[in-house]
Amino acid sequence: MNLFISYFKKSPAFFISVAIIVLLEGIMYFAPILEYMDPTGVYYTSLKRDIAESENNFDYIMLGDSRSLSIKGRKSNLNSQENANSIAQDQYSLYNFSLPAAGTRYIQHFIDKYLAHNKKPRGIIYALDIEQFRPGQSAAFNVDPKIWSIFKHRLLNLFTFTENVSQYKGKEQYFILKEALPYTIPSVRHREGLDKLITGMRPKDIQNGDLPYLRSNQRLEKLTKETYGQVNLGTYLEIPSGITLDMIQEIVDGSIEAQNSETPNMENLVSFLEYASQKKIPVIILEVPHADGLPQSAFYTKVRLEYKKIAEQYSNVYFQAFPSNSYSLDYFAEGIHFNGKGEIRVNEEFEKFIWPNISKVIWKD
Amino acid sequence: MIFNSIDFLFFIPLVILIYWFSNHKLQNLFLLFASLFFYGFWDWRFLGLLILSSVVDYTAGIQIEKNFENAKRKKFFLIFSLVSNLGILGFFKYFNFFIENATQFFQIFGLHPSIQTLQIILPLGISFYTFQTLSYTIDVYRGELKPVRNFTDFALYVSFFPQLVAGPIERATRLLPQIQSARKWNFTQVQEGSFLILLGYFKKVFVADNIGDIVNSIYALDDPSGAKIFIALLAFFFQIYCDFSGYSDIARGLSKWMGFELMRNFNLPFFSVNVIDLWKRWHISLMSWFRDYVYIPLGGNKVSIARQHVNNIFIFFVSGLWHGASWTFIIWGVYNGLLTSIYRMLQPILPKFGGDDNPWIYWSKYTIKASFTFLLFVYSGIWFRGTSLEQGLHFTNNLFLHFGTWDQSLFMKVVRLVALLLIIEFSQFRKNDEFSIFRWKIAYRVLLYLSMFYAILIMGNFNKNEFIYFVF
C-alpha cells in the first residue's frame with residue numbers, strides 16, 4: 001500500500017487517467033445508447049442477438065443470410081378473437097433471424113444461444129444461400145483472413161468473448177481470441193460510432209440528440225419489430241440508381257462462371273443437422289429463389305442434389321423449394337437482393353406454398 | 001512479432017514479469033530467448049541468419065583481440081566480419097537490384113544476357129542488426145572496446161528485441177555494458193518508458209497510419225495537381241516520421257521498463273533550423289554510424305574541402321542505398337547530401353540579420369529558417385515515397401508547374417491528425433526536455449493522456465500493421 005501511495009505521489013496524472021478510463025469504460029459498458037450509435041450492420045446484429053437472448057419462444061425460427069432476410073416473419077394469432085377459427089398455420093409464430101454475411105458455421109452456436117433463453121422451436125428453417133457452400137466460404141478463418149474480414153463484425157457482435165473463443169480449436173482459436181479480445185473494451189466495440197461522434201458531429205447536433213446512426217437504427221428497430229425480423233435489403237438500402245438489367249445480367253453471369261468448376265462443401269450443414277437431430281428439432285432446408293440463370297448453373301444443381309440426398313438421410317430434415325427457384329431479372333435490385341416487386345412475390349409465394357407445409361412439420365420419433 | 005499486435009500484448013507482460021523475477025544472469029538468458037522468439041515469430045527460418053551474424057562477430061571480436069599485435073591477422077578477422085555481414089546483407093537486399101541494373105547496362109551495348117533475378121525475402125531488420133554487429137567488430141579492431149567473452153551477452157546485444165527490427169542502431173560501447181551489469185527497478189525510468197510507449201503508439205497508430213491513407217489516396221491518382229502533391233508530401237513527412245520515431249519511442253520505452261537506456265533516434269526534426277541541424281535530429285543512430293564508420297575513416301574534416309563534400313555526398317548516397325535497393329532512394333540520399341554540402345558552402349556567406357536579443361525577431365527568424373529547412377526536406381519525400389523515376393519527375397513537374405487549386409479540407413485533415421503531436425513536441429522543444437510533459441499541470445496531463453489513449457483506441461488505424469522501416 002505504501003509503495004502504491006509513493007508511486008501515486010510520483011505520478012498522480014497517470015493513476016488519475018487510469019481511474020477515469022476504467023470509469024468511462026464501465027459507463028460505456030452499461031450504456032444502451034452506444035449500441036444505437038453503431039453502424040447499421042453492427043446494430044442489426046446486436047438487435048437480433050438481443051432478441052435471441054430474450055424469452056420469446058417462437059414456434060419456428062428462420063436462419064439465413066441477406067436474401068432470406070426478405071421473408072417476413074409472423075406473429076402467432078392463437079389468442080386473437082378474430083382468428084378464433086383460424087387454420088393451424090396461423091397459430092404459429094415465425095421469427096426471421098437471418099443475418100447478412102455471417103457464414104455457415106455460426107448457426108449452430110446461434111441456436112445454442114437461442115435455446116439458452118427460449119423453448120425448443122417446432123422447427124428451424126435453414127435458408128442459407130447456396131453460395132455459402134462454395135469451398136472458400138468454409139475455410140478456417142486463420143487460413144483465409146479475407147473470409148474473416150467479411151464475417152468479422154457479425155460474429156464478434158453476435159457472441160461474447162468466451163462464446164467466440166469456445167467455438168474454435170487450435171490455431172483458429174488463438175486467431176479468434178486475438179480478434180475478439182479488443183472487442184471486450186466498450187470503446188473499441190463501439191469505436192465507429194464514437195469516432196463519428198467525436199470527429200463528425202457538431203455540438204448542436206449532439207445537443208439535439210442527433211447522434212451518429214441513432215435515427216436510422218431506431219427506424220430499423222421499429223421495422224424489425226413489425227416484420228418479425230424481415231428487412232428487404234434490396235429496398236431498405238439505397239441501391240445506386242442507374243442499374244440496368246444488362247448490368248444485373250453481368251453480375252449473374254460472373255457468379256455462374258466463378259462457381260461452375262467448384263465442388264460444394266456441405267460439411268457445416270451436415271454437422272448442423274447432426275446437432276439439430278440431437279436436440280430433436282426438425283430442420284426445413286429452404287432455397288430462396290435466385291435470378292434466372294443461377295439456379296440452372298452446375299454449382300447450384302450440385303448443391304440442390306446434395307440437399308435432396310441429405311433430406312433423404314435424415315428423417316427430420318425436409319427440403320422445401322419455391323414453385324419456381326428462379327425469378328426474372330426485373331425482380332431484383334442488383335442481381336442478388338429483391339426489389340419491391342420481388343419482395344412482394346417471394347412473400348406471397350412463401351405464404352401460399354411454403355408456410356402451409358412448414359407449419360405442419362413436427363418432430364417424428 | 002510487431003509492437004502493434006495482440007501477440008505482442010500477450011508477449012510483453014509475460015516477459016517483463018519473468019524478467020524482473022529473475023537474477024541478472026537469468027535475465028540475460030531469458031531476454032535472449034525472448035528476443036529470438038520475438039524474431040522467429042515473424043519467420044523462424046531467418047533466425048539462422050541472426051545467430052550466424054552473432055557467431056561471426058563474436059568470433060571475430062575474440063580473434064581480433066587475440067591477434068591484436070599481428071596487424072595482418074587482425075585485419076583478416078575484420079575483413080572476415082565485413083565480408084560475412086555485408087555479403088549476407090548484399091545478397092538479400094541488393095542482389096536483384098544489381099542484376100536488373102547490370103542487365104540494363106549490357107542492353108545499352110546490344111547485349112542481352114539472360115541473368116535471372118531471384119525471389120528473395122528480405123529478412124526483417126537485417127540492415128539494422130548488420131550495422132549493429134559491424135560497429136562492435138570495428139570498435140574492437142580500433143581498440144575502443146574489449147571483446148565480449150560471454151556469448152549470451154553478445155547474442156543479446158545483437159538480438160535485443162525492443163530495437164532488433166527497426167533500431168535504434170545501438171553501439172556496443174553503449175548497450176553491452178548495460179547488458180553486462182545488473183539492472184535495477186527504477187520507477188522514474190518506468191514512468192518515462194510508459195510515456196514513450198504511449199507516445200510511440202499514438203504516433204504510429206493514430207498519426208502515421210491515418211495520415212498514410214491520405215498519402216496513398218493522392219499517390220493513387222494518375223495525375224494529381226501540384227497542390228495535392230504538396231499536401232501528400234507534408235503528410236508523408238509526418239507519416240514516415242511518426243512511423244519510424246514511433247517505433248523508436250516504443251523500443252526505448254520498453255527498454256526503460258527493463259532498466260535499459262537506448263539512444264534517442266529522433267530529436268524533434270520539425271524544429272531544425274538548417275539541413276545539417278536536421279540530419280543531427282533525424283535517424284540519429286544511422287547518421288552517426290555513417291559519420292563514425294564511413295565519413296571519419298575517409299578522412300573526416302581533415303581532408304581538403306572538395307574531398308569533404310565528395311565524402312559527405314557519398315555517405316548520403318550510401319544512406320539512400322541503405323534505405324532500399326532502388327534509384328529513387330539513391331536520388332533521395334544524394335539530394336540530401338547535396339543540400340548539406342551546399343549549406344556548408346553557403347553558411348559563411350549567409351547574411352546575419354542580428355537582433356537575436358529581441359524575442360520577436362529571434363522567433364521570427366527561427367520560424368522562417370525552420371520552415372525553409374522543413375520544406376527542403378519535405379520535397380525529398382517525393383523520391384522516398386515514389387515508386388519510379390518517372391513518377392518522381394512527373395510529380396516534381398506538377399508540384400512546381402501545375403499547382404492547381406488548394407484543397408483546404410484535405411489540408412485540414414492533415415492538420416487535425418498532427419495537431420496534438422505538435423503541441424507535445426513544441427513543449428518538448430521549448431523546455432528542451434523530452435519529458436517536459438511531466439511538468440505540466442495535473443489536469444492538462446490527464447487530458448493529454450486521455451486524448452492520446454482514446455485517439456489510439458477509437459481513431460487509431462489498426463488495419464495497417466507493419467512499420468514502414470521494417471523493409472529497410
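Select B:Arg291 first: in this predicted model, the residue has a relative accessibility of 44% and so counts as partly exposed. Now add B:Asp292 to the selection, and you will find that the two form a salt bridge in which the closest N and O atoms are 2.9 Å apart. B:Asp292 itself counts as buried, because its relative accessibility is 17%, and the cut-off for that class is under 20%. Salt bridges can also share partners, and to see such a case select A:Glu35, A:Arg49 and A:Asp50, which are joined in this way into one network.

Stay with charged pairs and go next to B:Glu65 and B:Lys146, whose salt bridge has its closest N and O atoms 3.3 Å apart. Colouring the secondary structure helps here, since B:Glu65 lies in helix α3 (residues 47–66) of chain B, while B:Lys146 sits in the loop between α5 (126–141) and α6 (151–159) of that chain, so the pair ties together parts that are 81 residues apart in sequence. With the surface switched on, B:Glu65 is partly exposed at a relative accessible area of 24%, whereas B:Lys146 is exposed at 65%.

For a pair within one helix, select A:Glu306 and A:Lys309, where the side chains meet in a salt bridge of 3.8 Å, N to O. Both residues belong to helix α16 (residues 298–313) of chain A, and because they are three residues apart there, about one helical turn separates them. A:Glu306 is partly exposed, with 25% relative accessibility, and A:Lys309 is likewise partly exposed, with a relative accessible area of 46%. These pairs are examples from a longer list, for a search of the whole structure finds 33 salt bridges over all chains.

Turn now to the surface patches, beginning with charge. Select A:Asp246, A:Glu250, A:Asp253 and A:Glu257, which gather on the surface as a patch of negative charge. Within this group, A:Asp253 is located in helix α14 (residues 245–259) of chain A and is partly exposed, its relative accessible area being 40%.

Finish with a nonpolar patch on the surface, of about 550 Å², by selecting A:Met1, A:Phe4, A:Ile5, A:Phe8, A:Ile16 and B:Ile442. Helix α1 (residues 2–10) of chain A supplies the largest share of this patch, namely three residues. Chain B takes part through B:Ile442, which is placed in helix α17 (residues 442–459) of chain B and is partly exposed, with a relative accessible area of 36%.

Note on methods
Residues are numbered from 1 along each chain as its sequence is written. Chains are lettered from A and ligands numbered from 1 in the order in which they are written. This is a predicted model: local features need pLDDT of at least 70, side-chain atom pairs count only at pLDDT 80 or more; totals for chains, interfaces and linings use all residues. Side-chain values use heavy atoms; hydrogens and water are left out. Patches are made of residues with over 30% relative accessible area and no salt bridge: like charges are joined within 9 Å, nonpolar side chains (Val, Leu, Ile, Met, Phe, Trp, Tyr) within 5 Å. Accessible areas come from the Shrake-Rupley method with a 1.4 Å probe; for residues, only the protein chains shown count as cover. A salt bridge is a side-chain nitrogen of Lys or Arg within 4 Å of a carboxyl oxygen of Asp or Glu. Lys and Arg count as positive and Asp and Glu as negative; His and the chain ends are not counted. The place of a charge is taken as NZ of Lys, CZ of Arg, CG of Asp or CD of Glu. Helices (H or I, at least four residues) and strands (E, at least two) are DSSP runs, numbered from the N terminus. Buried means under 20% relative accessible area, exposed over 50%, partly exposed in between (1.4 Å probe, protein chains only).
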